[in-house]
Amino acid sequence: MEEEPEEPIEFVYVHVADRVEREIRGGRLPYGARLPNERAMGAEYGVAPGTARRAVQELRERGLVKTLPNKGTFVSYRPSDGGGS
């Protein structure tokens, strides 16, 4: 009996981060735009605030956003430079 290869586990936060990344790269969220807070982002994407928080962390790791303490999270990706600043 042949075993089927396991499919990689896809985490919900990765799907949310991918979706936000498409919005950033597509221009819907331009450079300098402020992302919604975790609760609002969770409501917008239909996920828990903790999942939204992890998605934002993923976006930071991808160099697409920066979080400023007590100010919020902002898009740092500029299409002209091809990456985060």
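## Meet the chain: helices, strands and a pocket

Leaving out neighbours within four places in sequence, E21 touches L59, R62 and L64. That residue is a good place to start a tour of this predicted model. E21 sits in helix α1, and with a relative accessibility of 17% it counts as buried, because the cut-off for buried is under 20%. From here we can look at the whole chain, then at two of its helices, a loop and a pocket.

**The overall layout**

- The protein chain holds 3 helices and 4 strands.
- Reading from the N terminus, the order of the elements is α-α-α-β-β-β-β.
- Of the 85 residues in the chain, 32% are buried.
- Take the contacts between residues at least 6 apart in sequence: 51% of them join residues at least 24 apart.

**Helix α1, the home of E21**

- Helix α1 covers residues 12–25, which makes 14 residues.
- Does the length fit expectation or not? At 1.5 Å a residue, α1 should span 20 Å, and its end C-alpha atoms are indeed 20 Å apart, so the two values agree.
- Besides E21, the buried residues of α1 include Y13, V16, A17, V20, E23 and I24.
- Imagine looking down the axis of α1: its buried residues fall within an arc of 160°, so they line one face of the helix.
- Which elements do the buried residues of α1 pack against? Their partners are the helices α2 (38–45) and α3 (49–61), together with the strands β1 (65–68), β2 (72–75) and β3 (77–78).
- Just after α1 comes G27, whose phi is positive, at about 90°.

**Helix α3, a second helix to compare**

- The 13 residues of α3 should span 18 Å at 1.5 Å each, and the end C-alpha atoms are 18 Å apart, which agrees.
- The buried residues here are A52, A55, V56, E58 and L59.
- Viewed down the axis of α3, these buried residues fall within an arc of 155°, so they line one face of this helix.
- The elements covering the buried residues of α3 include α1, α2, β1 and β2.
- L59 links back to our starting point, since this residue is one of the contacts of E21.
- Just after α3, G63 has a positive phi of about 80°.

**N70, a residue to look at in the loop**

- Most residues other than glycine have a negative phi.
- N70 is not glycine, yet its phi is positive, near 65°.
- Where is N70 found? Its place is the loop between β1 and β2.
- Is N70 buried or exposed? Its relative accessibility is 87%, and because exposed means over 50%, N70 counts as exposed.

**The largest pocket**

- A probe the size of a water molecule, rolled over the atoms, shows where empty space is left.
- The largest pocket has a volume of about 160 Å³.
- Its lining consists of R34, L35, P36, N37, E38, R53, V56, R60, T67, G72 and T73.
- By type, the lining residues of this pocket divide into 3 nonpolar, 4 polar and 4 charged.
- At least two lining residues come from each of α3 and β2.
- Which element gives the most to the lining of the largest pocket? That is α3, with 3 residues.
- V56 appears twice in this tour: this residue is buried in α3 and also lines the largest pocket.

Key. Residues are numbered from 1 along each chain as its sequence is written. This is a predicted model: local features need pLDDT of at least 70, side-chain atom pairs count only at pLDDT 80 or more; totals for chains, interfaces and linings use all residues. Side-chain values use heavy atoms; hydrogens and water are left out. The expected span of a helix is 1.5 Å times one less than its number of residues. Buried means under 20% relative accessible area, exposed over 50%, partly exposed in between (1.4 Å probe, protein chains only). The arc is that of the directions from the helix axis to the C-beta atoms. Contact means heavy atoms within 4.5 Å. On a 1 Å grid over the protein atoms alone, a cavity is a set of points where a 1.4 Å probe fits but cannot get out, and a pocket is an open set with protein on both sides within 12 Å along at least five of seven lines; lining residues have an atom within 4 Å of a point. Grid points are joined across faces, edges and corners, and a volume is the space filled by probe spheres set on the points. Ala, Val, Leu, Ile, Met, Phe, Trp, Tyr, Cys and Pro count as nonpolar, Asp, Glu, Lys and Arg as charged, and the others, Gly among them, as polar.
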